[in-house]
Amino acid sequence: MSDLKSAIDLHRASTGDDPTVVIRAPGRVNLIGEHVDYHRGPVLPMAIDRALVVAASPLEGNRIVAHSALLGECAEGLLGDRSGLPVWASVLPLAAAALRREGITPTGIALTVCGDLPIGAGLSSSAAWIIAAVAALVEVSGSRLGGDALAALVPEIERAAFGVPCGTMDPLAVLGGRAGCALSIDTATGIAIPVPLPNSLAIALIDSGTRRSLDEGRYVERRRESEAAARALGRADLREATWTECSQLPAPLGDRARHVVSEIARVKEAVAALAAGDLPRFGELLGASHESLRGHYEVSNSALDAAVEIAGAHPAAFGARLTGAGFGGCAVAAIAAADADRFVAEVGSQLSARLGAGCNVSIVRPVDGAELLVPTRRPLGAPERGH
């Protein structure tokens with residue numbers, strides 16, 4: 001239900017009104033570069049053809065009426081008050097407060113959320129939702145906000161709503177996606193360079209069937225440990241740290257730092273491997289990333305390890321790793337495009353036999369970033385800003 005017609009029909013059914021604004025916000029997979037964006041490290045994500053679609057129309061005063069077809073919930077409240085709202089809907093008053101600081105005064109809004117982007121699967125559904133919610137408030141109020149300013153608001157709102165100190169990768173990937181490309185993002189500068197993916201390469205998404213909650217604490221714990229490692233080395237972050245320095249740190253700080261330092265190096269090599277068309281080396285780097293995430297950062301679980309093991313052993317696969325923060329969700333595999341159908345069928349069958357019916361395998365394609373579909377189609381990631 002990620003298409004425009006479904007969003008319009010659902011909004012009409014839930015509110016009785018036609019939407020004046022419809023926004024598509026894709027999820028993302030991170031090909032490599034996990035848990036380094038909050039250390040200003042490089043990352044290599046791509047926006048994918050799984051998305052949230054948000055339809056909205058204005059309401060008088062300061063009212064919120066929000067329907068989520070994905071959660072089967074309806075929330076009503078006020079833009080100036082989070083109390084009584086479920087966590088997902090609390091994004092709206094938080095976004096309204098952030099927009100006021102930007103000089104934009106949001107008006108009341110009726111909003112319907114649908115789509116085919118799984119929640120809690122490590123595909124950045126939270127950033128996609130926040131981007132769509134902020135953009136809907138801006139558009140319904142008749143204002144404009146450029147992509148740079150919109151991306152900067154997402155971590156602040158995500159921290160306030162979900163209690164998670166997320167980095168900058170997700171909003172940059174969701175907003176800046178390019179069809180046919182991954183994005184080489186330097187999170188220190190926000191500069192994103194499209195990296196075309198070879199036609200011979202396909203990206204498989206393997207859903208382990210396990211889920212994590214943003215507010216359950218382990219992401220925050222890992223981030224605090226890696227930041228403590230940086231402080232122990234007298235650094236603001238681990239971007240320029242060395243392996244030798246990491247070896248001087250006590251457990252678990254040394255392991256957390258080893259992952260960040262080695263992952264930053266792997267991202268740089270992965271970009272070069274793609275540019276050279278060296279898909280076997282690209283796959284090896286994905287496998288090494290997973291081993292580091294499992295052993296040094298300790299963010300995998302048995303289902304993700306099984307997904308990576310089965311996917312990586314398939315003859316069509318170059319390599320596989322978990323994607324996202326970990327603790328559940330999805331793995332990603334780089335595979336030969338010519339054998340994609342065989343990979344999906346055979347790996348899917350093996351995973352179902354081992355993990356049960358909750359897992360699945362599909363091919364995801366790199367797409368353009370978040371965009372306004374109604375009233376006029378345009379990307380939300382444009383740098384220009386005016387209101």
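Helices, as the word is used here, are DSSP runs of H or I with at least four residues, numbered from the N terminus. One of them is helix α2, which covers residues 87–101 and has V87 in it. The model is a predicted one, and V87 is a handy place to start looking around. With a relative accessible area of 42%, V87 is partly exposed. Leaving out residues up to four places away in sequence, V87 touches A161 and F162. V87 and F162 sit 75 residues apart along the chain, yet their C-alpha atoms are 7.1 Å apart in space.

F162 also turns up where two helices pack. Two packed helices are described by the angle between their axes and the distance between the axes. For α3 and helix α4 (residues 147–162), the angle is about 115° and the axes are 9 Å apart. Angles of 65 to 115 degrees count as roughly perpendicular, so α3 and α4 are roughly perpendicular to each other. Their crossing is right-handed. On the α3 side, the contact is made by S126, A127, I130, I131 and V134, while α4 brings in L150, L153, V154, I157, E158 and F162. Sorted by class, the residues of this contact come out as nine nonpolar, one polar and one charged.

V134 leads straight on to the inside of the model. In soluble globular proteins, nonpolar side chains tend to be buried together. Here the largest nonpolar core has 108 residues, and L31 and V134 are the ones with the most contacts inside it. Helix α3 (residues 125–140) supplies the largest share of this core, with 13 residues. Apart from this core lies another one, of 20 residues, with A202, A307, A317 and V361 among them. As for L31, its partners beyond four places in sequence are L44, P45, M46, A182, L197, I203, F282, L286, R321 and V332.

A307, from the core of 20 residues, shows up again in a second helix pair. Helix α10 (residues 302–313) and helix α11 (residues 340–355) pack at an angle of about 145°, and their axes lie 10 Å apart. This crossing, too, is described as right-handed. From α10, the residues making the contact are A303, A306, A307, E309, I310 and A311; from α11, they are F343, V347, Q350, L351, R354 and L355. By class, that gives nine nonpolar, one polar and two charged residues.

A third pair is made up of helix α6 (residues 218–232) and α8, whose axes come within 8 Å and cross at roughly 90°. That angle makes α6 and α8 roughly perpendicular to each other. R222, E225, S226, A228 and A229 of α6 meet L253, R256 and A257 of α8. The mix in this contact is four nonpolar, one polar and three charged residues.

The backbone has a few quirks worth a look. Most residues other than glycine have a negative phi, and most peptide bonds are trans. In the loop between α7 (243–246) and α8 (253–276) sits P252, and the peptide bond joining A251 to P252 is cis, with omega at about -5°. Another cis peptide bond joins V374 and P375, this time with omega at about 10°. P375 has its place in the loop between β12 (371–374) and β13 (378–379).

Positive phi values appear as well. R40 is not a glycine, but its phi is near 60°. R40 lies in the loop between β1 (21–32) and β2 (42–59) and is partly exposed, with a relative accessible area of 37%. S124 has a positive phi too, near 70°, and belongs to the loop between β5 (108–115) and α3. Buried means under 20% relative accessible area, so S124, at 6%, counts as buried.

The last stop is H67, in strand β3 (residues 63–68). H67 has a relative accessible area of 17%, and so is buried. Setting aside neighbours within four places in sequence, H67 is in contact with S14, T15, E73, C74, W88, L111, T112 and V113.

Terms used: Residues are numbered from 1 along each chain as its sequence is written. This is a predicted model: local features need pLDDT of at least 70, side-chain atom pairs count only at pLDDT 80 or more; totals for chains, interfaces and linings use all residues. Side-chain values use heavy atoms; hydrogens and water are left out. A nonpolar core is a set of buried Ala, Val, Leu, Ile, Met, Phe, Trp, Tyr and Cys residues joined through side-chain atoms within 4.5 Å. Buried means under 20% relative accessible area, exposed over 50%, partly exposed in between (1.4 Å probe, protein chains only). Contact means heavy atoms within 4.5 Å. Axes are lines fitted to C-alpha atoms, for helices over the stretch in contact, and angles run from 0 to 180 degrees between N-to-C directions. Angles under 35 degrees count as roughly parallel, over 145 as roughly antiparallel, 65 to 115 as roughly perpendicular and the rest as oblique. A crossing is left-handed if the near helix is turned anticlockwise from the far one by less than a right angle, and right-handed if clockwise. Ala, Val, Leu, Ile, Met, Phe, Trp, Tyr, Cys and Pro count as nonpolar, Asp, Glu, Lys and Arg as charged, and the others, Gly among them, as polar.
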